[in-house]
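Got the viewer open and a selection box ready? Here is a walk through the model, stop by stop, with a note on what to look for each time.

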Amino acid sequence: MTLLTSLINWLNLKRIYQIELIKKHPYEVQEETFMKLISKAANTEWGLKYQYASITSVEDFQQKVPFQTYEEVKHYITRLRKGENNLLWPGEVKWFAKSSGTTNDKSKYIPVSKDSLEECHFRGGRDVLTFYLKNNPDSKIFSGKGLTLGGSHKIDNYNNQSYYGDLSAILIENLPFWTEFIRTPSHDVALLEKWEEKLEKITRETIHENVTNIAGVPSWNLVMLKYILQYTGKKNLLEIWPNLELFIHGGVSFIPYKEQFKKIIPSENMHYLEAYNASEGFFAIQDDPDDEGMLLMLDYGIFYEFIPMEDFLNNNFRAITIDKVEKGVNYVLVISTNSGLWRYIIGDTVKFTSTYPHKIIISGRTKHFINVFGEEVIIDNAERALGIACEKTGAQITDFTAAPVYMSDNRKGSHEWVIEFSIPPVDIDHFTTLMDNALMSLNSDYEAKRYLNITLDKPIINSVEQGTFYHWLQEKGKLGGQNKVPRLSNNRKYVEELLQIDKKLKNMRKMH
């Protein structure tokens, strides 16, 4: 164990003790967080509008302040980007995380205050390492450097004093100077905008470093790591970085990528840890490697509310607090934050896998599910069903999306899947059957609609050319960073676009 690791382990003991108290008293911690937020924002334009100075309870807050979506706070954010202060949160906000939680055409610009950077995002990063070192006290993670695949930032065109970019870029830009000694690549390379140039320069800079840990979105990291292997001609990453021991991942489910990572990092000493860090805040961390649930971090300056998804779909926006949530229920996540987002519906859905401690999994998106026939298939169902089919067939998936096939006079409804395999199944029909059966076992509504093929026919799976999703994102100018492929949709836009690209790639392959 290095001296630095020993020192950090000693400092972590106090934090571990705090977290144990938070686990036992979640509502009290959230109530204290809530009162601090309300008190601090009382004299902002928003706080004056909703009489924050007179709010004395969560119930009072829920009655006075309506739920918000991005569209409803966009005009405030536009004013912030132009340089106005004290609108949603006291003081100046100069950083905005450009978010497209999915590949929508419109970009969101999420305010990131100094308080949010210090009390939420950076604290979350420290706590990730706190949990990791608690579970792995003999770690040598600080004997080398961390490789972070960041996005890029630009000077905002509203005001040369405000900036926007991927959240990862904002974090890199605001890290203390000393972190340059424990991370790679260099600041300038990490923030390059052009994806292909960034890949090449990251590779050149990092292959001679002692990389012990990697952090980022699994899909883009896999692209980068495969590029590095191709560049170096090595068979696996341990030939380049023999001391690699940790991958901190988030942004998309790790299920479709896990086997591919194990293949390129063939080590029993390699650890994987999930963190839920969105543009709007750092929410949860996997504190136990044997438990898929992530501990909801309740003292980061974020107050949480939860709307049962069933109520949300019926336009019954009845929100509950942390003390009233139940295991296994699909909830729409609502947050009030130290960046000035109030009762904000971020678009993610979560399920609690346990209470006391309160642990969650990300189950999907409020707008990304398939419910054309009453089947209510959510992303969590889809990823687990594909995981089961892959496990049973040895297949590996790079990317996927799915959409409905609508009923017509001579055709029943069904679901059509576009899947890019890195290792395709030997028999696609057998894979389809396994996935279909798994989906029925995971979702009773889907099972009911599939009964005797009365409403829904068996799914259709299109195995597309490798590179299809990459070309699709490239066409939309969304390579790298935190851009993601939408997994499920109630319309056929994404599926049709991807099938067109697949057709072009197949034709090009035939010509060559």
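## Starting at a strand pair

Select T349 and G364 to begin: T349 stands opposite G364, which belongs to strand 15. Now widen the selection to strand 14 and strand 15 (residues 359–365), which run antiparallel and pair over six bridges. Keep in mind throughout that this is a predicted model.

Zoom out to the sheet around them. It is an open sheet of 11 strands with mixed pairing, and its order reads 6-3-7-8-9-10-11-15-14-13-12. Its edges are strand 6 (183–184) and strand 12 (302–308), each of which pairs on one side only.

## Two cis peptide bonds

A general point first: most residues other than glycine have a negative phi, and most peptide bonds are trans. The next selections depart from that.

Select T184 and P185, which are joined by a cis peptide bond with omega about 0°. P185 is in the loop between strand 6 and helix 8 (187–190). Then go to Y356 and P357, where the peptide bond is also cis, with omega near 10°. P357 sits in the loop between strand 14 and strand 15, so you are back beside the strand pair where the tour began.

## Two positive phi angles

Which residue in the loop between helix 3 (45–49) and helix 4 (58–64) should you click next? Choose Q51, found in that loop; Q51 has a positive phi of about 55° although it is not a glycine. Its relative accessible area is 47%, so Q51 counts as partly exposed.

L452 makes a good second example, again a non-glycine residue with a positive phi of about 55°. Look for L452 in the loop between helix 15 (444–450) and strand 18. L452 has a relative accessibility of 62% and is therefore exposed.

## Aromatic rings

Show the side chains of Phe, Tyr and Trp for this stop: the structure holds 30 aromatic pairs. Start with W89 and W342, whose ring centres are 6.3 Å apart and whose planes meet at 40°, so the pair is tilted. W89 lies in the loop between helix 5 (70–81) and strand 1 (95–99), and W342 in the loop between strand 13 (330–337) and strand 14 (344–354), so this pair ties together parts that are 253 residues apart in sequence. Are these two buried or exposed? Both W89 and W342 are buried.

For another geometry, select W195 and W220. Their ring centres are 5.0 Å apart with planes at 70°, so this pair is edge-to-face. W195 belongs to helix 9 (residues 195–206) and W220 to helix 10 (residues 218–232), so the parts tied together here are 25 residues apart in sequence. W195 and W220 are buried too.

Before moving on, select F34, Y52, F61, W89, F303 and W342 together: they form one aromatic cluster.

## Charges over rings

Click R343 and F67. The charged end of R343 sits over the ring of F67, 4.1 Å from the ring centre. Then pick R487 and F400, where the charged end of R487 sits over the F400 ring at 4.5 Å from its centre.

## The three-stranded sheet

F400 leads on to strand 16 (396–405), an edge strand along with strand 18 (460–463). This open sheet has three strands in the order 16-17-18, with mixed pairing. From one strand to the next, the twist averages 20°.

Add helix 13 (residues 379–393), which packs on the sheet and touches strand 16 and strand 17; its direction makes about 130° with that of strand 16. Then highlight strand 17 (residues 414–423) and strand 18, which pair in the parallel sense over four bridges. Within that pairing, V418 stands opposite N462 in strand 18.

## A buried aspartate

Now select D502, located in helix 17 (residues 493–511). D502 has a relative accessible area of 8%, so it is buried. Beyond its neighbours within four places in sequence, D502 is in contact with V464, E465 and T468.

## Last stop: colour by confidence

Finish by colouring on pLDDT. The protein chain has a mean pLDDT of 90, and 95% of its residues reach 70 or more. Residues 101–105 are where to be careful: pLDDT stays under 50 there, and the model has 17 contacts for them beyond four places in sequence. Where pLDDT is low, predicted coordinates should not be read in detail.

Definitions and conventions. Residues are numbered from 1 along each chain as its sequence is written. This is a predicted model: local features need pLDDT of at least 70, side-chain atom pairs count only at pLDDT 80 or more; totals for chains, interfaces and linings use all residues. Side-chain values use heavy atoms; hydrogens and water are left out. Two strands pair if DSSP finds at least two bridges between them. Axes are lines fitted to C-alpha atoms, for helices over the stretch in contact, and angles run from 0 to 180 degrees between N-to-C directions. Contact means heavy atoms within 4.5 Å. Buried means under 20% relative accessible area, exposed over 50%, partly exposed in between (1.4 Å probe, protein chains only). Rings of Phe, Tyr and Trp (its six-membered ring) pair if their centres lie within 6.5 Å; planes under 30 degrees apart count as stacked, over 60 as edge-to-face and the rest as tilted. A charge sits over a ring if NZ of Lys or CZ of Arg is within 6 Å of the ring centre and within 35 degrees of the ring normal. pLDDT is the predictor's confidence in each residue, from 0 to 100.
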